[in-house]
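Could you walk me through this structure in my viewer, one selection at a time? I am new to it and would like to know what to click next and what is there.

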Amino acid sequence: MSDKVRSALRGISGVHVTAWKGDGEADWALTGAIVRRIAEAGIHNIVSAGNTGEFYPMTTEEVVRSHAVAAEAAGGKALVTAGIGRSLREAISTGKLAARAGCDAVMVHHPLDPFAAPQSQADYILAIADALTIPLVAYIRSDAIGVRDLARVATHANVAGVKFASPNVMLLAECVRATQGTSANWICGLAEGWAAPFHALGARGFTSGLVNVAPERSLAIWRALEGNDYGLARQLVDEIAGFETLRTKYGNGANVTVVKAALGLLGTNVGPVRLPGLPELNEAERAELRKIVGGWGSQRVAAE
């Protein structure tokens, strides 16, 4: 497995948005420009067709195209990880296409099947890892999978890292303890706000949607954590807390909406969020977001 991939995962995994045109179709040129901007900012790993990229509202054809667009736009300045999932056969097929398109790794979305058994979810991830030639990142969004099965995933020869996106820090601590001395690579999958406690428990690197808007803020948090300066990290996280809190509205239904609205305020109109996400913020929420982003200083908010 490439050490370059494992190292990049211990940095920032930025999940790019997908831009939509007025007719609802994808704007691949603008999406590529956003990826290019994130790569040039110095973000280590760019995730294409992640949740911030609206993986679930996308068609399979759009997911495949997103991977190819991101791989080309990154231009070798950042690694590109392709978000895959859904049925096992579809995940494997999409993963193979991502490798051909030049992606460096794949990220398997957490299975959403309501009847998925915990151990079978681990088996699903491992079956994909066995079938692909490029490294895999396992995206874990539930604490239903036990330590033993998570350790099976984390230590597989073709698993470059586990994106742990459950707030169950005790489970994370158990997983880190259970895999000490192995190849396991634990990553904070809950973005900047959770990066410090996860880092303290042994998870290195974190995911981010903020990179679409203010990559320099994400990088500053990452550097503070790499220097074990938790005081500075807390201060920097406090500065983006309002932004991240706004994203959690409607049961996280506004997560992508806030990112897209912020891009619009900064002069890049990427269209609404597709259903079943929240298409647009209301007037009060937009005013709140304008105040937050305008208060960052380095961001020039466009007039409406």
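Here is a short tour, from the whole chain down to single residues.

**The whole chain**

Keep in mind from the start that this is a predicted model. Show the protein chain as a cartoon, and you can trace 12 helices and 8 strands. Its radius of gyration is 18 Å, close to the 19 Å that the globule rule gives for 304 residues, so the chain is as compact as a globular protein of that length. Turn the C-alpha trace along its principal axes, and the spans are about 50 × 45 × 40 Å.

Now switch on the surface. The protein chain exposes about 12800 Å², and 52% of that comes from carbon and sulfur atoms. If you colour by charge, you will be looking at 29 positive and 29 negative charges, whose mean positions lie 3 Å apart.

How much of the chain is buried? Buried residues make up 54% of the 304 residues. Contacts also reach far along the sequence: among those with a separation of 6 or more, 71% are between residues 24 or more positions apart.

**Into the core**

Hide the surface and select I128, L136, W186, F243, L289 and W296. Within the largest nonpolar core, which has 81 residues, these touch the most other members. In soluble globular proteins, nonpolar side chains tend to be buried together.

Centre the view on F243. Beyond its neighbours within four places in sequence, F243 is in contact with L210, V213, V258, V259, A262, L289, I292 and W296. Another core lies apart from the largest one; it has 13 residues, including A105, V137, Y139 and A165.

**Helix α10 and the loop after it**

Next, pick R247, in helix α10. Is this arginine buried or exposed? R247 counts as buried, because its relative accessibility is 4%, under the 20% cut-off. Show what surrounds R247: leaving aside neighbours within four places in sequence, its contacts are T52, G209, L210, N252, A254, N255, V258 and V259.

One of those contacts, N252, makes a good next stop. N252 sits in the loop between α10 (230–247) and α11. Its phi is near 75 degrees, a positive value in a residue other than glycine. With 40% relative accessibility, N252 counts as partly exposed.

**Helix α11 and a cis peptide bond**

Move on to T257, which belongs to helix α11 (residues 255–265). T257 has 3% relative accessibility and so counts as buried. Outside its neighbours within four places in sequence, T257 is in contact with V273, L278, P279, E280 and L281. For a sense of distance, add R86 to the selection: the C-alpha atoms of T257 and R86 are 23 Å apart, with their positions 171 residues apart along the chain.

Then follow the chain to P276, in the loop between α11 and α12 (283–294). Zoom in on the link between L275 and P276, and you will find a cis peptide bond with omega of about 15 degrees.

**Last stop: A49**

Finally, select A49, in the loop between β2 (45–48) and α3 (60–74). What is the phi of A49? The value is near 65 degrees, which is positive in a residue other than glycine. A49 has 0% relative accessibility and therefore counts as buried, whereas N252 counts as partly exposed.

Terms used. Residues numbered from 1 in each chain as written. Predicted model: local features only at pLDDT ≥ 70, side-chain atom pairs only at ≥ 80, totals over all residues. Heavy atoms only, no water. Helix = DSSP H or I, 4+ residues; strand = E, 2+ residues; numbered from the N terminus. Rg over C-alpha atoms; globule rule 2.2 N^0.38 Å. Buried < 20%, exposed > 50% of the residue type's maximum accessible area, 1.4 Å probe, protein only. Contact = heavy atoms within 4.5 Å. Areas by Shrake-Rupley, 256 points an atom, 1.4 Å probe, with all protein chains shown as cover. Lys, Arg positive; Asp, Glu negative; His and termini not counted. Charge placed at Lys NZ, Arg CZ, Asp CG, Glu CD. Core = buried A, V, L, I, M, F, W, Y, C linked by side-chain atoms within 4.5 Å.
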